[in-house]
Amino acid sequence: MPFFSITKEMAIGTTVLGVAFATGVLAGKKYPFLAFGIPPSSKTLLGKGGPLWQYILDHSLREHPVLKKLRLLTLDHPWSRMMVSCDQAQLMANLAKLIKAKKAIEIGVFTGYNTLNMALVLPDDGKVVACDINEDYVSIGKPLWKEAGVEHKIDLRIKPAIQTLDELLADGEAGTYDFAFIDADKQSYNEYYEKCLRLVRKGGIIAIDNVLWHGKVLKPSKNDMETQSLHHLNEKIFRDVRVNISMLPMGDGVTLAFKL
């Protein structure tokens, strides 16, 4: 067909698409959240403590009584902000159940809220390898692990997590874990990610916490090595062909990497 020989319908269709594209670009500049299907009104309401956020928790959060007990106990701790958000923990538990997880790794235990969360959904012969270097924090949650009847599923290792991961690999456990959660020192995240990728099976999930780092990842300071490490890992995982990903604005941001 000659370049100028187009039908009336094609001309109208092209014009409509052009107008729609221009409208979308202008709307995206004025309301950037529209580009992701998020109404502007939700942007402010979804802030923590906002009415819509509270509505979500009131209509979706289902906590085991002992898990709730540990959460409330942890909230009294001076470093309570280190605890994973309860809605995020519930999502990870649901994902673990969905893939019929039996073996999990947790890097960064704190008081053990998410350790308990994962242990509760694993089968009776399942296990969570829980890695931390501070036994004082962990001692807060340990009695509640026992109270919930899941203490036997938790393999607590108080030593640098890299050492534990290397031990698991040396023991021939590569590709045998179903789920891994990374929530510890940020400058080691890349190394944790690579070792977990070796330990997790195909179809398994790696959840990486704090990927938004209070918004600092938008403009990482050259001297802020924690933020730099997180930003570089975010960029790396985005391009990583070994996984499919979703980055979610839950808690302080969590990336879910599904091993291919």
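**Exercises on a predicted model**

T227 is buried, with a relative accessible area of 1%. This value, like those that follow, is computed from a predicted model.

**Exercise 1.** Describe the surroundings of T227, beginning with the helix in which T227 is placed.

*Solution.*
Step 1. Locate the residue: T227 belongs to helix α10, which covers residues 225-238.
Step 2. Classify its exposure. Buried means under 20% relative accessible area; T227 has 1% and is therefore buried.
Step 3. Examine the side chain: that of T227 makes a polar contact with the side chain of D224, at 2.6 Å.
Step 4. Set aside neighbours within four places in sequence. T227 is then in contact with W213, K216, V217 and P220.

**Exercise 2.** Determine which residues of the largest nonpolar core touch the most other members, and which helix gives this core its largest share.

*Solution.*
Step 1. The largest nonpolar core has 37 residues, and those touching the most other members are Y113, L116, F179 and A207.
Step 2. Helix α5, residues 86-98, contributes five residues, the largest share of this core.
Step 3. Another core, of 30 residues, lies apart from the largest one; V129, V200, V217 and A257 are among its members. One of these, V217, is also in contact with T227 of Exercise 1.
Step 4. Return to A207. With neighbours within four places in sequence left aside, its contacts are M92, F179, A180, F181, I182, V254, T255 and L256.

**Exercise 3.** Characterise the lining of the largest cavity.

*Solution.*
Step 1. The structure holds one cavity of 30 Å³ or more, and the space in the largest cavity is about 30 Å³.
Step 2. Its lining consists of A104, I105, E106, N114, M118, V128, F179, A180 and F181.
Step 3. Assign these to elements: β1 (103-107), α6 and β4 (177-182) each supply at least two lining residues.
Step 4. By character, seven of the lining residues are nonpolar, one is polar and one is charged.
Step 5. Relate the cavity to Exercise 2: F179, A180 and F181 line the cavity, and these residues are also in contact with A207.

**Exercise 4.** State which helix gives the most to the lining of the second largest pocket, and how that lining divides by character.

*Solution.*
Step 1. The second largest pocket contains about 200 Å³ of space.
Step 2. Its lining has 16 residues; R62, Q90, A93, N117 and V121 lie nearest the centre.
Step 3. Both α5 and α6 (113-121) supply at least two lining residues, and α5 gives the most, with six.
Step 4. The lining divides into eight nonpolar, five polar and three charged residues.

Definitions and conventions: Residues numbered from 1 in each chain as written. Predicted model: local features only at pLDDT ≥ 70, side-chain atom pairs only at ≥ 80, totals over all residues. Heavy atoms only, no water. Core = buried A, V, L, I, M, F, W, Y, C linked by side-chain atoms within 4.5 Å. Buried < 20%, exposed > 50% of the residue type's maximum accessible area, 1.4 Å probe, protein only. Helix = DSSP H or I, 4+ residues; strand = E, 2+ residues; numbered from the N terminus. Contact = heavy atoms within 4.5 Å. 1 Å grid on protein atoms, 1.4 Å probe; cavity = no way out; pocket = protein on both sides within 12 Å on 5 of 7 lines; lining within 4 Å. Points joined across faces, edges and corners; volume = space filled by probe spheres on them. Nonpolar A, V, L, I, M, F, W, Y, C, P; charged D, E, K, R; others polar. Polar contact = N/O pair within 3.5 Å; in protein donor to acceptor, adjacent residues only side chain to side chain.
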